[in-house]
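Hello,

Here is the structure you asked to look through. Please open it next to this message and follow the residues as they come up.

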Amino acid sequence: MVILGAGPAGLVLGNLLQAAGVGCVVLERAGREQLRARQRAGFLAANTVRILERHGLADGLHRRGRTHATCEFRTEDGRFRLHYGALGSGEAHTVHPQHLLVDDLLTVYQARGGQVRFGTEAVAVQGMDGTRPTVTVRDADGRPGHWRGRYVAGCDGRHGAARRSLPPGAVRRHHLDHGVSWLGLLAEAPPSLDAVAYAVHGRGFAGHMARTPELTRYYLQCEHGSSPGDRTDEQIWDELALRMRAAEFGPLRRGRFVDRSVVQLESDVLEPLCHGALFLAGDAASLISPSAAKGANLAVLEAELLGLALVDDLRHGAPEGLARYSARCLDHIWRAQEFSRWMVRLLHAAPAADDPPFQERLRRSRLASLRTSRSCQDWFAEQYVGV
Ligand code: APR
């Protein structure tokens with residue numbers, strides 16, 4: 001079994017297979033220190049925590065994770081809070097930065113005897129129509145090599161070798177560009193409030209999400225085509241303060257930005273999520289906008305579904321799980337995509353083509369429903385934390 005990518009999807013899958021006695025190797029182009037340092041997502045849904053607990057992978061998040069159950073909306077009509085942990089199905093998030101989760105998963109995987117080849121870039125997956133597909137690789141010195149297995153799991157993200165190797169016409173790609181760009185920021189500063197904050201403002205969206213007591217994630221909607229260095233730290237803090245109405249609701253706790261990146265909010269879904277002996281999970285299977293913190297949670301869910309199906313096939317000769325893998329994942333993916341799209345439309349003005357004044361009134365009424373209707377709040381809480 002060959003797994004491409006040591007992110008949440010690849011490492012949860014590797015751990016399940018290793019624990020079931022299925023030999024596998026994880027091929028990861030980055031080095032271990034790079035993985036440790038890469039700041040990505042951090043909001044784990046309750047179901048994700050349950051999956052990690054089921055497979056003995058939750059020690060780290062129980063030690064360092066923090067429960068998060070409140071979000072705050074700031075708009076021209078004032079601010080309101082949703083204690084979503086007491087709404088809907090009553091579930092909360094666990095904040096556990098992804099680089100810490102990946103480090104936990106790697107540690108357990110290697111303790112279980114799992115093989116990882118760092119600095120090994122998968123170039124292509126060949127022979128996926130047969131029973132011994134081959135992954136050609138290039139090591140850190142550019143030397144070629146290859147790995148073979150009964151199956152290959154593409155967990156190497158949307159730009160990885162797995163997607164690139166799919167034969168033309170093997171899968172259909174559904175794609176949506178939400179028409180919104182975010183400047184993603186990581187501030188060396190404690191959180192400015194004890195909730196996720198979504199600021200809806202005429203100048204654009206701004207978001208605040210805790211990561212650790214020392215680091216806080218901010219998002220600032222920016223023009224399409226912006227680059228991370230367009231503004232100074234001071235200019236960014238002033239714009240964040242303006243959009244988050246700091247004058248009215250309290251100052252932001254400023255600090256140096258230690259990471260900046262511009263992300264175009266896009267979604268895509270491949271159908272099906274497999275071809276022959278190649279199965280996709282995580283971002284390699286579908287990309288979701290960061291507006292609802294679903295990406296890493298979908299990756300873990302898909303990794304468990306794929307891992308259990310592979311164990312059934314390889315250890316018990318029962319291929320039904322693999323046959324159902326794609327359809328089962330797609331049910332969850334499309335629900336997450338729908339809610340993520342709803343969040344994008346809630347938090348951002350409509351693109352010029354969509355009759356902005358009319359859309360703006362719709363947006364304000366959606367926010368009013370979220371502020372005043374208990375059934376709307378229950379629906380939101382269930383979608384927001386559920387996967
Ligand atoms: N060969 C080997 N490794 C590769 C290759 C390649 N050709 N291309 C990418 N990788 C590695 C990356 O270095 C990364 O470590 O694959 C891994 C993919 O990990 P993620 O991007 O984290 O993807 P995934 O496990 O699918 O998790 C997806 O987690 O990062 C969050 O919210 C984010 O939605 C995202 C979710």
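In this predicted model, a polar side-chain atom of Asp-283 lies 2.8 Å from an oxygen atom of the ligand. Gln-98 also points a polar side-chain atom at the ligand, with 2.9 Å to an oxygen atom there. Pro-8 takes part through its backbone: one of its backbone N or O atoms is 3.2 Å from a ligand oxygen. In total 25 residues surround the ligand, and those that come nearest are Glu-28, Arg-38, Gln-98, Ala-122 and Asp-283.

Next, the empty space inside the protein. A probe the size of a water molecule, rolled over the atoms, shows where such space is left. How many cavities of 30 Å³ or more does the structure hold? There are five cavities of that size. The largest cavity contains about 60 Å³ of space. Its lining consists of Ala-6, Gly-7, Leu-35, Arg-38, Arg-40, Gln-98, His-99 and Val-102. Arg-38 and Gln-98 are worth finding here, as both line this cavity and both are among the residues nearest the ligand. Helix H5, residues 98-111, supplies the largest share of the cavity lining, three residues. By type, the lining has three nonpolar, three polar and two charged residues.

There are pockets as well. The second largest pocket has a volume of about 320 Å³. It is lined by 21 residues, and Arg-203, Gly-204, Gln-221, Cys-222 and Glu-223 lie nearest its centre. Two or more lining residues come from each of strand S13 (172-188) and strand S16 (216-222). Which of the elements gives the most to this lining? That is S13, with three residues. Sorted by type, the pocket lining has eight nonpolar, eight polar and five charged residues.

Now the strands. Strands of a sheet pair through backbone hydrogen bonds, in a parallel or an antiparallel way. One open sheet here is formed by six strands in the order S8-S2-S1-S12-S19-S18, with mixed pairing. Strand S8 (115-117) and strand S18 are at the edges, and each has a single partner strand, so one side of each has no neighbour in the sheet. Further in, strand S1 (residues 2-4) pairs with strand S12 (residues 152-154) in the parallel sense, over three bridges. Within that pair, Ile-3 has Ala-153 of S12 as its bridge partner.

An antiparallel pair can be seen in strand S10 (residues 134-139) and strand S11 (residues 144-148), which five bridges join. Val-135 stands opposite Trp-147 of S11. S10 and S11 form a hairpin with four residues between the strands, and Gly-142 in this hairpin has a positive phi near 85°.

Some backbone angles need a second look. Most residues other than glycine have a negative phi, and most peptide bonds are trans. Which residues depart from this?

- Arg-245 is not a glycine, yet its phi is positive, near 50°. Arg-245 sits in the loop between helix H7 (233-243) and helix H8 (246-249). Its relative accessibility is 14%, so Arg-245 counts as buried, the cut-off being under 20%.
- Ala-293 is another residue that is not a glycine and has a positive phi, about 55°. Ala-293 is in the loop between strand S20 (286-287) and helix H9 (295-316). With a relative accessibility of 29%, Ala-293 counts as partly exposed.
- The peptide bond from Glu-271 to Pro-272 is cis, and its omega is near -5°. Pro-272 belongs to the loop between strand S17 (256-271) and strand S18 (274-275).

The last item is a histidine in a loop. His-348 lies between helix H10 (320-347) and helix H11 (356-372). Is His-348 buried or exposed? Its relative accessibility is 3%, so His-348 counts as buried. The side chain of His-348 has a polar contact of 2.9 Å with the side chain of Trp-182. A polar atom of the His-348 side chain also lies 2.8 Å from the backbone oxygen of Val-344.

Regards

How values were computed
Residues numbered from 1 in each chain as written. Predicted model: local features only at pLDDT ≥ 70, side-chain atom pairs only at ≥ 80, totals over all residues. Heavy atoms only, no water. Buried < 20%, exposed > 50% of the residue type's maximum accessible area, 1.4 Å probe, protein only. Pairing = 2+ DSSP bridges. 1 Å grid on protein atoms, 1.4 Å probe; cavity = no way out; pocket = protein on both sides within 12 Å on 5 of 7 lines; lining within 4 Å. Points joined across faces, edges and corners; volume = space filled by probe spheres on them. Nonpolar A, V, L, I, M, F, W, Y, C, P; charged D, E, K, R; others polar. Near = heavy atom within 4 Å. Polar contact = N/O pair within 3.5 Å; in protein donor to acceptor, adjacent residues only side chain to side chain.
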